[in-house]
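Let's take a walk through this protein from the outside in. Have the sequence and the model side by side as you read.

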Amino acid sequence: MTLDAPAGPPVTGPYAGSRYGADLAFARALASQAGELIMDRYERVLSISHKSSKDVVTEVDHLSEELILGAIRARYPDDGILAEESGEHHVIPGEDASLGRGRTWVIDPIDGTINYANGIPFFCVAIGLVEDGMPVAGVVHDPARGETFGAVADGPATLDDRPITASAKDKLSDYVVSLALGGKGVATRARATRRAIRVSRNMGSAALSLAYVANGRFDAMIQSTGLSAWDVAAAGLIAIRGGAMVTASDGRPWFDITRPKREFGVIAAPPTHHEELRRLVS
């Protein structure tokens, strides 16, 4: 299924002077279209398939991705695409790891598919634009709540065009943290982290949880593994432009488009407590 590529609204407000303002407006309009499709089929999913022992995909994931890819190809035919369900498209011929060069759209058609398939209203559409290996524009659209987070590399993070900022809480003990840990010694690390904060949550959509750090709904987001580029390209940029510090869970740079899928984690938190949280979960 494809639709005509949305032109996007005029670039006004916080992004009027941004180099990537038109790209962001396009991504917002496109994410909204995908969100309408998703909600039209909410709690009426016909087909659920297993991608792995703990991950599923629905026919709506594929329909949403087809809509998004068709619009990007129509509007930006020379851009690359990396999409969760269908992989890598239209990269530089004859080159390896060419996603790190030029412009690439990184797409998660439904982040939180298990929630969606079970009727739990916490999922999103994530569309990020990566230029020469780094995210420069990103949209995370929550169709259930009708909310859209956005950011560009040369502008603020926004929620429905209103500038937002990350948590300004002084005490780590007041933090509400999106927490998803795995690996060796997970029980010990999780216990130590929970003792240091107010409470932890695990909502089932990494992209939406990470975007929540940008406006302080979550004071921090920690996921130690299992992430892919499409989970974080848009949301990580949004968190950073909201004032959070974002790194990989091991302290390395948070984004590498060539990194194997489902093999890294992130920590996003205000700079004052980022390192302390990283030590707790390491």
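What follows goes from the whole chain to its cores and then to one helix.

Keep in mind that this is a predicted model. The chain folds into seven helices and 15 strands. Of its 282 residues, 54% are buried. Look at contacts with a separation of 6 or more, and 64% of them turn out to link residues 24 or more positions apart. As for the outside, about 12,000 Å² is exposed, with carbon and sulfur atoms supplying 50% of that.

Now for the inside. In soluble globular proteins, nonpolar side chains tend to be buried together. Here the largest nonpolar core has 41 residues, and V106, V140, F149, V232 and F255 have the most contacts inside it. Several elements give two or more residues to this core, including β6, β8, α5 and β15. The largest share comes from α6, with nine residues.

V140 is a good place to zoom in. Leaving aside neighbours within four places in sequence, its contacts include V125, F149, L208, A234 and I238. There is also a second, separate core of 32 residues, with L24, I38, V125 and A137 among them.

Finally, turn to helix α4, residues 186-196. Which of its residues are buried? They are R189, A190 and T193. These three sit on the same side of α4, because they cover an arc of only 95° around the axis. That fits the geometry: an α-helix has 3.6 residues a turn, so residues three or four places apart point the same way. The buried residues of α4 pack against β11 (176-180) and α7 (271-281).

Terms used. Residues are numbered from 1 along each chain as its sequence is written. This is a predicted model: local features need pLDDT of at least 70, side-chain atom pairs count only at pLDDT 80 or more; totals for chains, interfaces and linings use all residues. Side-chain values use heavy atoms; hydrogens and water are left out. Buried means under 20% relative accessible area, exposed over 50%, partly exposed in between (1.4 Å probe, protein chains only). Helices (H or I, at least four residues) and strands (E, at least two) are DSSP runs, numbered from the N terminus. The arc is that of the directions from the helix axis to the C-beta atoms. Contact means heavy atoms within 4.5 Å. Accessible areas come from the Shrake-Rupley method with a 1.4 Å probe; for residues, only the protein chains shown count as cover. A nonpolar core is a set of buried Ala, Val, Leu, Ile, Met, Phe, Trp, Tyr and Cys residues joined through side-chain atoms within 4.5 Å.
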